[in-house]
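Student: I should like to work through this model systematically, from its overall fold down to individual residues. May we begin once it is displayed?

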Amino acid sequence: MSTIIIIPYRRRESHLAYFIKHSAPLLKKHMDNMKVVVVEQVDGKPFNRGKLLNVVFKEYRNECKYI
């Protein structure tokens, strides 16, 4: 896999559903070797987008060329 797209998510089901239905297929069409990773934070804590991005980066940094 050469590209990973990270989606930090927080309780917006309609936004995620729209992305999965409309945007993800379009991205997949133009970027065949791609993976979309949706990362969600545990409820009850303030949303920390940077921390979520770092978690995914550390998990996939050796498996892809672009994040």
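Tutor: The discussion below proceeds from the whole chain to its elements and then to single residues; the model is a predicted one.

Student: Which pattern does the protein chain follow when read along the sequence?

Tutor: The secondary structure comes to two helices and two strands. The C-alpha atoms fill a box of roughly 35 × 30 × 10 Å along the principal axes. Read along the sequence, the protein chain follows the pattern β-α-β-α.

Student: What share of the contacts with a separation of 6 or more comes from residues 24 or more positions apart?

Tutor: One such long-range pair is M34 and T3, which are 31 residues apart in sequence. Their C-alpha atoms are 4.8 Å apart in space. Over the protein chain, residues 24 or more positions apart account for a share of 70%.

Student: In which sense do β1 and β2 pair, and over how many bridges?

Tutor: Individual partners can be named: I4 stands opposite K35 in β2, and the bridge partner of I7 is V38. Taken together, β1 and β2 pair in the parallel sense, over seven bridges.

Student: Of which hand is the crossover from β1 to β2?

Tutor: The chain leaves β1 and passes through helix α1, residues 13-30, before it reaches β2. This path forms a β-α-β crossover. Its hand is right-handed.

Student: Which element gives the most residues to the largest nonpolar core?

Tutor: The core has eight residues: I4, I6, V37, V39, L52, V56, Y60 and C64. The elements that give two or more residues to this core are β1 (3-9), β2 (34-40) and α2 (49-60). With three residues, the element that gives the most is α2.

Student: Why do the buried residues of α2 lie on the same side of the helix?

Tutor: The buried residues of α2 are L52, V56 and Y60. An α-helix has 3.6 residues a turn, so residues three or four places apart point the same way. L52, V56 and Y60 lie on the same side of α2 because the arc they cover around the axis is only 55 degrees.

Student: Which residues are exposed on the other side of α2?

Tutor: The buried residues of α2 have a cover that includes β1 and β2. On the other side of the helix, the exposed residues are K51 and K58.

Student: What distance does α2 reach from its first C-alpha to its last?

Tutor: The helix has twelve residues. At 1.5 Å a residue, the expected span is 16 Å. The model comes close to this, with a reach of 17 Å.

Student: How many of the seven residues of β1 are buried?

Tutor: T3 lies in strand β1. With a relative accessible area of 13%, T3 is under the 20% cut-off and therefore counts as buried. The strand is mostly covered, and the number of its buried residues is five.

Student: Is M34 buried or exposed?

Tutor: M34 is found in strand β2. Leaving aside neighbours within four places in sequence, M34 is in contact with T3, I5, A24, L27 and K28. The relative accessible area of M34 is 7%, so with a cut-off of 20% this residue is buried.

Student: Which residues does L27 contact, leaving aside its neighbours within four places in sequence?

Tutor: L27 has its place in helix α1 and is partly exposed, with a relative accessible area of 24%. The C-alpha atoms of L27 and I5, 22 residues apart along the chain, are separated by 9.6 Å. The contacts of L27 are I5, F19 and M34.

Student: What is the phi angle of R11?

Tutor: R11 has its place in the loop between β1 and α1. At 54% relative accessibility, R11 counts as exposed. Its phi is positive in a residue other than glycine, with a value near 40 degrees.

Student: What percentage of the 67 residues of the protein chain count as buried?

Tutor: Burial has been noted for individual residues, including T3 and M34. For the protein chain of 67 residues, the percentage that count as buried is 24%.

Note on methods: Residues numbered from 1 in each chain as written. Predicted model: local features only at pLDDT ≥ 70, side-chain atom pairs only at ≥ 80, totals over all residues. Heavy atoms only, no water. Core = buried A, V, L, I, M, F, W, Y, C linked by side-chain atoms within 4.5 Å. Buried < 20%, exposed > 50% of the residue type's maximum accessible area, 1.4 Å probe, protein only. Helix = DSSP H or I, 4+ residues; strand = E, 2+ residues; numbered from the N terminus. Expected span 1.5 Å × (residues − 1). Arc of directions from axis to C-beta. Contact = heavy atoms within 4.5 Å. Pairing = 2+ DSSP bridges. Right-handed = clockwise from strand over helix to strand, strands pointing away.
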